[in-house]
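Reader: I have a model open and would like to go through its labels with you. Could you show me how each one is earned?

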Amino acid sequence: MRPPSGATVMATSQLSKAYGDLIALQPLDMTVTAGQKVALIGRNGSGKSTLLKMVAGLLEASTGSATVNGHPSGSIEARGALSYLPDEPVLYDDLSVIEHVEYTCRLHASVDWEARAVSLLERLGLLDRAESLPSTFSRGLRQKTGTLLALVRPYSLLLVDEPFVGLDPAGRDTFVDLTEEAVQAGAAVVVATHQLEYAKAADRCIALRDGLRVYDGPPGDVDLAALVD
């Protein structure tokens, strides 16, 4: 069950990451609420992926903390509430697309997942590939498979890292539609992207530069291109 609109879904407190003398993310305090669509922008190496990985519980913070639905990142409760799509989807070589779907849904105790799976397969153009092995897919088809797995399970927070790489225009449009539907259904969605058109349509834009937050507000109130130069 998703939290009510406006409830805090994701929060960080002085969250930072350092690799020796290299500061990947400077101490960051922020919250993201249910039903909010956030675009995370910045040049390569600005700290976007680092932030998402720490919230997802895949990377240990140097200082501070992050929570999902009030639970510490990496905890069973946080992992259950969070769906994470990395820039390179993690897929098993010996499972077909539909086997990936069933494994993911059963792992997260999804109910009535079959109908939603078929709908997503069709919308993502994967219906005729359901029995195929993603290990044989192109970069774009692997990205669509990762999107399918991220969206087919229940979640309160969706974190996505550079989802448009390898996608054709139809695939990009479908991704935008699906994430908008997730927001309308009450999920918080945070997408790290270089696609400024996507950022312009977000409720909120957060820009990072050299690990430091340099902007946090409506995308229409700032020159987005200048924030990624």
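Reader: What makes the contact of Glu-180 with Lys-37 a salt bridge?

Author: Happy to start there, with the reminder that this is a predicted model. The closest N and O atoms of Glu-180 and Lys-37 are 3.3 Å apart. The cut-off is a Lys or Arg side-chain nitrogen within 4 Å of an Asp or Glu carboxyl oxygen, so the label applies. Glu-180 sits in helix 6 and Lys-37 in strand 3 (residues 37-41), so the bridge ties together parts that are 143 residues apart in sequence.

Reader: Are these two partners buried or exposed?

Author: They fall into separate classes, and the limits tell us how: buried means under 20% relative accessible area, exposed means over 50%, and partly exposed is in between. Lys-37 has 3%, so it is buried. Glu-180 has 29%, so it counts as partly exposed.

Reader: How do you know that Arg-123 and Glu-181 form a salt bridge?

Author: By the N to O distance, which is 2.8 Å for these side chains; the limit is 4 Å. Arg-123 belongs to helix 4 and Glu-181 to helix 6, so this pair links parts 58 residues apart in sequence. At 35%, Arg-123 is partly exposed, and so is Glu-181 at 39%.

Reader: What does the salt bridge of Arg-204 and Asp-216 tie together?

Author: Arg-204 is in strand 9 and Asp-216 in strand 10, so the bridge joins parts that are 12 residues apart in sequence. Their N to O distance is 2.7 Å. Arg-204 is buried, with a relative accessible area of 12%, whereas Asp-216 is partly exposed at 32%.

Reader: Which residues are joined into one network by salt bridges that share partners?

Author: Those are Glu-88, Arg-139 and Arg-142. In total, the structure holds nine salt bridges.

Reader: Why is Arg-142 called buried?

Author: Its relative accessibility is 17%, and the limit for buried is under 20%, so the word fits. Arg-142 lies in helix 5. Leaving out residues up to four places away in sequence, Arg-142 touches Glu-88, Pro-89, Leu-91, Pro-134, Ser-135 and Phe-137. A polar atom of the Arg-142 side chain also lies 3.5 Å from the backbone oxygen of Pro-89.

Reader: Let us turn to the loops. What makes the phi of Asp-112 worth a remark?

Author: Phi of Asp-112 is near 50°, a positive value in a residue other than glycine. Asp-112 is found in the loop between helix 3 and helix 4. With a relative accessible area of 69%, Asp-112 is exposed, the limit for that class being over 50%.

Reader: And how do you know that Asp-210 counts as exposed?

Author: Its relative accessibility is 51%, and exposed means over 50%, so Asp-210 meets the limit. Asp-210 also has a positive phi, about 55°, although it is not a glycine. Its place is the loop between strand 9 (204-209) and strand 10 (212-217).

Reader: What makes strand 6 and strand 10 edge strands?

Author: Each of them pairs on one side only. The open sheet has six strands in the order 6-7-8-3-9-10, with mixed pairing. From one strand to the next, the twist averages 15°.

Reader: How do you know that strand 3 and strand 9 pair?

Author: There are four bridges between them, in the parallel sense, and at least two are needed, so they count as paired. Ile-41 stands opposite Ala-207 in strand 9. Helix 6 packs on this sheet, touching strand 3, strand 7 and strand 8, and its direction makes about 145° with that of strand 8.

Reader: One last topic: which residues have the most contacts inside the largest nonpolar core?

Author: They are Val-101, Leu-148, Leu-158 and Val-189, in a core of 31 residues. Helix 5 gives the largest share, six residues. Beyond its neighbours within four places in sequence, Val-101 is in contact with Trp-113, Ala-117, Leu-148, Leu-149 and Val-152. A second, separate core has 28 residues, including Met-10, Ala-56, Ala-81 and Leu-157.

Definitions and conventions:
Residues are numbered from 1 along each chain as its sequence is written. This is a predicted model: local features need pLDDT of at least 70, side-chain atom pairs count only at pLDDT 80 or more; totals for chains, interfaces and linings use all residues. Side-chain values use heavy atoms; hydrogens and water are left out. A nonpolar core is a set of buried Ala, Val, Leu, Ile, Met, Phe, Trp, Tyr and Cys residues joined through side-chain atoms within 4.5 Å. Buried means under 20% relative accessible area, exposed over 50%, partly exposed in between (1.4 Å probe, protein chains only). Helices (H or I, at least four residues) and strands (E, at least two) are DSSP runs, numbered from the N terminus. Contact means heavy atoms within 4.5 Å. A polar contact is a pair of N or O atoms within 3.5 Å; within protein, one must be able to donate a hydrogen and the other to accept it, and residues adjacent in sequence count only if both atoms are side-chain atoms. Axes are lines fitted to C-alpha atoms, for helices over the stretch in contact, and angles run from 0 to 180 degrees between N-to-C directions.
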